[in-house]
Amino acid sequence: MDCKTARLLLDFARPQARELEAEETAALESHLDRCPDCHTQARDERQLDDVLGKAMRQVEVPAGLREQLLARLESERGDWQRQRFARGARRAVAAAALLLLAWGVWYWVSDRATAMIDPEQVADAVKSDAATDPETRTKEALKQLGVDTSLPSLDYHWLACPPALAELPGYPGRKVPMLLFVRGGRVARVYVVREKAIPKDTPDVIPGTSFKAELLPSVDGPYRFLVIHDSADLEWLRPPEPPRV
Amino acid sequence: MGKPGSSQTIQRLVDDYYVPLYRYAYRLSGSSADAEDLTQEAFCKAQLHLGQLRDPSRARPWLFSILRNVYRHRARADRQERCVPLESVGDVAEPMSPVLSDIDPERLQQALNDLPEAFRTPIILYYFEDFGYREIAEQMDLPIGTVMSRLARAKAYLRSRLVEPNAAALAHGRDSRRATDGL
């Protein structure tokens, strides 16, 4: 080992830090034994390290520091738990406030909706509705249900309620527009169905023991009107003849 | 804010390391009151982030690192560090006195206080806890060569302030031959 390497390794040759391999330490020690210059420098460096290290470590630790530290740490843990609880409580209060607010808004809206019904206004609307020709009214209502078609010749004064979607009996889940006619204890339900849904060879009148089915055509739409009734015929639903002049 | 570590674990850390940490804090700050505060704050941070210590054998460098960060944070906030200019920190290999007598720890602290933190920290770690160059480099997040250079310059400065016969004159800049001459 030459002096340059030895002086470089001297920086690392510290008893505690163990930064040199055993072989390097042995080679360095061997060089120091043979080289007076490096030996002197190593001795001086170690002396300096000794006195500086000794002075550096001379720090008196205050009595009771350990207990003081443990008490502070315990207190911090307590603070953390209190903060955690407070945070949880704050979140719960915020959630409750939000729920209350949502309920309040819903209550206010629903209350307003309920309070806005004016019987007189309803009566006026019905009166206005009644003034319209019932066939035209029915046609408009069907349009709102997505069916734009001419209507068969029936007396729409006997319509019990506005047209509505209803399940086709015998076909669960299949809903079609239905018109309900009632006159003097006689009832007829008219289902609006697509023409292509009816087999071509189906007769227009299908007699039954208690209920009959009749298929009425639509003049200009791809629909047919399936009438289910329990009367002898549909004469009671025909519109009155115009007076002869 | 993290979840604090278990009380047994943190108590074990306190038992094992409060003395070296306090001494390190004292040498960094130069005051026992500051050293107590720094040690407490370092342990509080350690308690809060104990989950980050995955390898218990790394507890010592981890705690030292926390303490140094706390110290630097405070020093930045206080901006009260009075240091000798970087240029005054010599790296000249001075001839040694034949016999070195003991150094007064208070004089040492005064000399340390005058060193910039970048030089003070490695010299404290080097002498104080026998940290190796590699450990100091990890602590300070510096290349090992930079650590060696800073240590050499810090040692030369301390030697000029504390060991040599004309140390006092050098420290006060009255001598024409300074440890920093030639830099």
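## Exercises on a predicted two-chain model

**Exercise 1.** Check the length of helix α2(A), residues 22–34, against its expected span.

*Solution.* Take the 13 residues at 1.5 Å each (the expected span is 1.5 Å times one less than the number of residues), and you should get 18 Å. The end C-alpha atoms sit 19 Å apart, which agrees. Helices here are DSSP runs of H or I, at least four residues, numbered from the N terminus.

A quick note on the setup: this is a predicted model, where local features need pLDDT of at least 70, side-chain atom pairs count only at pLDDT 80 or more, and totals for chains, interfaces and linings use all residues. Residues are numbered from 1 along each chain as its sequence is written, with chains lettered from A and ligands numbered from 1 in the order in which they are written.

**Exercise 2.** Which residues of α2(A) are buried, and where do they lie around the axis?

*Solution.* Start with burial (20 or more other C-beta atoms within 10 Å, C-beta atoms being placed from the backbone; exposed means 12 or fewer, partly exposed in between): Leu28(A), His31(A) and Leu32(A) qualify. Down the axis, they fall within an arc of 100° (by directions from the axis to the C-beta atoms), so they line one face. That face packs against α1 (3–10) and α3 (36–57) of chain A, with contact meaning C-beta atoms within 7 Å. Exposed on the other side are Ala22(A), Glu23(A), Ala26(A), Ser30(A), Asp33(A) and Arg34(A).

**Exercise 3.** Is Asp141(B) buried or exposed?

*Solution.* Place Asp141(B) in the loop between α6 (133–140) and α7 (144–162) of chain B. Count 7 C-beta neighbours inside 10 Å, so Asp141(B) is exposed.

Terms used. Helix = DSSP H or I, 4+ residues; strand = E, 2+ residues; numbered from the N terminus. Contact = placed C-beta atoms within 7 Å.
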